[in-house]
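Ready for a short tour? Open your viewer, keep the selection tool at hand, and follow along stop by stop.

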Amino acid sequence: MKKFLIVGLGNIGEKYENTRHNIGFKILDHLAKKEDLNFETQKLGDLTSYKFKGRTFILLKPSTYMNLSGKAVLYWLNKEKIAPENLLIITDDLNLPFGSIRLKTKGSDGGHNGLKDIQEKLNTTKYNRFRFGISSKFNKGSQVDYVLGEWDEEECDNLPERLDKSVELIKSFGTAGINNTMNSFNGK
């Protein structure tokens, strides 16, 4: 059975729960709720697994805080013997309009400290990443406050549909492959 490691990036703790930076956690929580899954706290993160169309999806929310995510990613890739091409990292992206989706097979960290740490621990820039747009509607010098801020009312209204689309992307990644999924979802 083919296994996939789906990692949602975020920060642990109630104060971060509904922040833009925690979209990775939010997407995995949405999938877990839809499929009636429960996360269990294990080494370096909260995990659950989900079987779909002959595939096993291991969902990981690292407990290492965003900037040290690489340690949890590397540990669970090795422990579960998952091929690097079956890894998908879900993260927020300031450079994309709210709710837009961009799936890539490689690239820079784009100044994202979580991706930077993953890149260092995996020793490569070639890993699949699902970037969820949070837009850049903030004043100069207030990026940290914006990223760690909560969704505004309009974003909250539109989030459920975007979360559903994100869950579809994850399933497609495991069943249709990265290239078909990029063609179907990028820019949508």
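**Stop 1: a serine in a helix.** Start by selecting S172, together with G177, T181 and F185: S172 touches these three, leaving aside residues up to four places away in sequence. Keep in mind as you look that this is a predicted model. Now show the helix around S172: this residue sits in helix α5, which covers residues 153-175. Is S172 buried or exposed? With a relative accessibility of 13%, S172 counts as buried, because anything under 20% falls in that class.

**Stop 2: the sheet.** Next, switch to a cartoon view and colour the strands. In which order do the strands of the open sheet follow one another? Reading across, you meet β2-β3-β4-β1-β5-β7-β6, seven strands with mixed pairing. Select β2 (40-42) and β6 (101-104) to find the edges. Each of these has a single partner strand, so one side of each is left without a neighbour in the sheet. Turn the view a little: on average, neighbouring strands of this sheet are turned by 25° against each other, direction ignored.

Now zoom in on β1 (residues 2-8) and β5 (residues 87-93). The two strands run parallel and are joined by four bridges. As a reminder, strands of a sheet pair through backbone hydrogen bonds, in either a parallel or an antiparallel way. Pick V7 and look across to β5: the residue opposite is I89.

**Stop 3: helices across the sheet.** Bring back the helices. Select α1 and you will see that this helix lies across β1, β3 (45-52), β4, β5 and β7 (128-133), at about 140° to β4. Then select α5, which lies across β1, β3, β4, β5, β6 and β7 and runs at about 170° to β7.

**Stop 4: the nonpolar cores.** Show side chains for I6, I27, L88, F130, F132 and I170. These have the most contacts inside the largest nonpolar core, which holds 31 residues. Which element gives this core its largest share? That is α5, with six residues.

Stay with L88 for a moment and display its surroundings. Leaving out residues up to four places away in sequence, L88 touches a number of residues, including L5, I6, V7, F130, I170 and F173. There is also a second, separate core of 19 residues; select L47, L60, L115 and Y127 to see some of its members.

**Stop 5: salt bridges.** How many salt bridges are there? The count comes to eight, and three of them make good stops.

- Select K61 and D29, whose side chains meet in a salt bridge at 2.6 Å, N to O. K61 is in strand β4 (residues 55-62) and D29 in helix α1 (residues 23-34), so this pair links distant parts of the chain, 32 residues apart. K61 is buried, at 12% relative accessible area, while D29 is partly exposed, at 33%.
- Go on to K34 and D164, a salt bridge at 3.3 Å, N to O. K34 lies in helix α1 and D164 in helix α5, so the pair ties together parts that are 130 residues apart in sequence. K34 is partly exposed at 48% relative accessibility, and D164 is partly exposed at 29%.
- Finish with E161 and R162, whose side chains meet at 2.9 Å, N to O. E161 is partly exposed, with a relative accessible area of 43%, whereas R162 counts as buried at 10% relative accessibility.

How values were computed:
Residues are numbered from 1 along each chain as its sequence is written. This is a predicted model: local features need pLDDT of at least 70, side-chain atom pairs count only at pLDDT 80 or more; totals for chains, interfaces and linings use all residues. Side-chain values use heavy atoms; hydrogens and water are left out. Buried means under 20% relative accessible area, exposed over 50%, partly exposed in between (1.4 Å probe, protein chains only). Contact means heavy atoms within 4.5 Å. A nonpolar core is a set of buried Ala, Val, Leu, Ile, Met, Phe, Trp, Tyr and Cys residues joined through side-chain atoms within 4.5 Å. A salt bridge is a side-chain nitrogen of Lys or Arg within 4 Å of a carboxyl oxygen of Asp or Glu. Two strands pair if DSSP finds at least two bridges between them. Axes are lines fitted to C-alpha atoms, for helices over the stretch in contact, and angles run from 0 to 180 degrees between N-to-C directions.
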